Amino acid sequence: SSLCELDWSGNHLFNEDINNFAKYFFNGTKLKYLQIDRIFNSQQADDLYNLLYQLSDKGLLAISFGGSSETNFSGNLKSLLRSIELLMNLHILRLDGQKITELDTVALVDYLKVQRTLNDVSFDDTSINDQQRFFDFYRDVCNLDIDAVGRPFKDLNRLFGSDLSMVINPS
């Protein structure tokens, strides 16, 4: 099969269907990019692990796990990262909309520190509510050996206002 990219975003994927889904879309393909936005949440972490386990030796280069207010790993990002760790040689990681918390950022930065192949990441639409912690998180990410960090449009607007009028002067 010549399938290189698959966008299954928003389509439910139930535990009993994961094996058949993986056989149909992953076996014999050269899949390089998988977009599975708005499907999994922390209650389905085992299902996600099972799905990504079946992809672990397929050479996937990029994945998007975009979340929403209903489907996210907010407060439990470690379980999502446990699944992502199965994917070796990942170059692009999108976690927009996962409602990442201040505590989640610690686990995320720790994960990113040991990844040698990631060169493009994005984390917009977090749940970080403190401007200084937001800056600290992005400073930590930008200090890593990652070439491109997505601009957090939604977070910038939410935390600082569309015209940056809500920026707090730390002095």
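This report walks through the core, the first helix, two buried residues and a cavity of the structure above, which is a predicted model.

**The nonpolar core**

Let's start inside. The largest nonpolar core holds 49 residues. Ile 63, Phe 65, Leu 93, Leu 108, Leu 112 and Phe 123 have the most contacts within that core. At least two of its residues come from each of helix 1 (18-26), helix 2 (45-53), helix 3 (77-84), helix 4 (102-114), helix 5 (131-142) and helix 6 (153-160). In soluble globular proteins, nonpolar side chains tend to be buried together.

Ile 63 makes a handy vantage point. Setting aside neighbours up to four places away in sequence, Ile 63 is in contact with Tyr 33, Leu 34, Ile 36, Leu 52, Leu 87, Leu 90, Ile 92, Leu 93 and Arg 94.

**Helix 1 and its two sides**

Which residues of helix 1 are buried? They are Ile 18, Phe 21, Ala 22, Phe 25 and Phe 26. These residues sit on the same side of the helix, because they cover an arc of only 95° around its axis. An α-helix has 3.6 residues a turn, so residues three or four places apart point the same way. The buried residues of helix 1 pack against strand 1 (5-7), strand 2 (33-35) and helix 2. Asn 20, Lys 23 and Tyr 24, on the other side, are exposed. After helix 1 comes Gly 28, with a positive phi near 75°.

**Two buried residues**

Here are Ala 45 and Lys 99, with contacts that leave out neighbours within four places in sequence.

| Residue | Location | Relative accessible area | Contacts |
|---|---|---|---|
| Ala 45 | helix 2 | 8% | Phe 73, Ser 79, Ser 83 |
| Lys 99 | loop between strand 4 (92-94) and helix 4 | 18% | Ser 68, Ser 69, Asn 72, Ser 74, Asp 104, Asp 125, Thr 126, Ser 127 |

Lys 99 counts as buried because its relative accessible area of 18% is under the 20% cut-off. Ala 45 can also be placed relative to Leu 159: the two are 114 residues apart in sequence, and their C-alpha atoms are 29 Å apart in space.

**The cavity**

How many cavities of 30 Å³ or more are there? The count comes to one. The largest cavity encloses about 30 Å³ of space. Its lining consists of Ile 36, Arg 38, Ile 39, Phe 40, Phe 65, Gly 66, Phe 73 and Gln 98. By class, that lining has five nonpolar, two polar and one charged residues. Some names return here: Phe 65 is among the core residues with the most contacts, Ile 36 touches Ile 63, and Phe 73 touches Ala 45.

Technical notes: Residues are numbered from 1 along each chain as its sequence is written. This is a predicted model: local features need pLDDT of at least 70, side-chain atom pairs count only at pLDDT 80 or more; totals for chains, interfaces and linings use all residues. Side-chain values use heavy atoms; hydrogens and water are left out. On a 1 Å grid over the protein atoms alone, a cavity is a set of points where a 1.4 Å probe fits but cannot get out, and a pocket is an open set with protein on both sides within 12 Å along at least five of seven lines; lining residues have an atom within 4 Å of a point. Grid points are joined across faces, edges and corners, and a volume is the space filled by probe spheres set on the points. Ala, Val, Leu, Ile, Met, Phe, Trp, Tyr, Cys and Pro count as nonpolar, Asp, Glu, Lys and Arg as charged, and the others, Gly among them, as polar. A nonpolar core is a set of buried Ala, Val, Leu, Ile, Met, Phe, Trp, Tyr and Cys residues joined through side-chain atoms within 4.5 Å. Buried means under 20% relative accessible area, exposed over 50%, partly exposed in between (1.4 Å probe, protein chains only). Helices (H or I, at least four residues) and strands (E, at least two) are DSSP runs, numbered from the N terminus. Contact means heavy atoms within 4.5 Å. The arc is that of the directions from the helix axis to the C-beta atoms.
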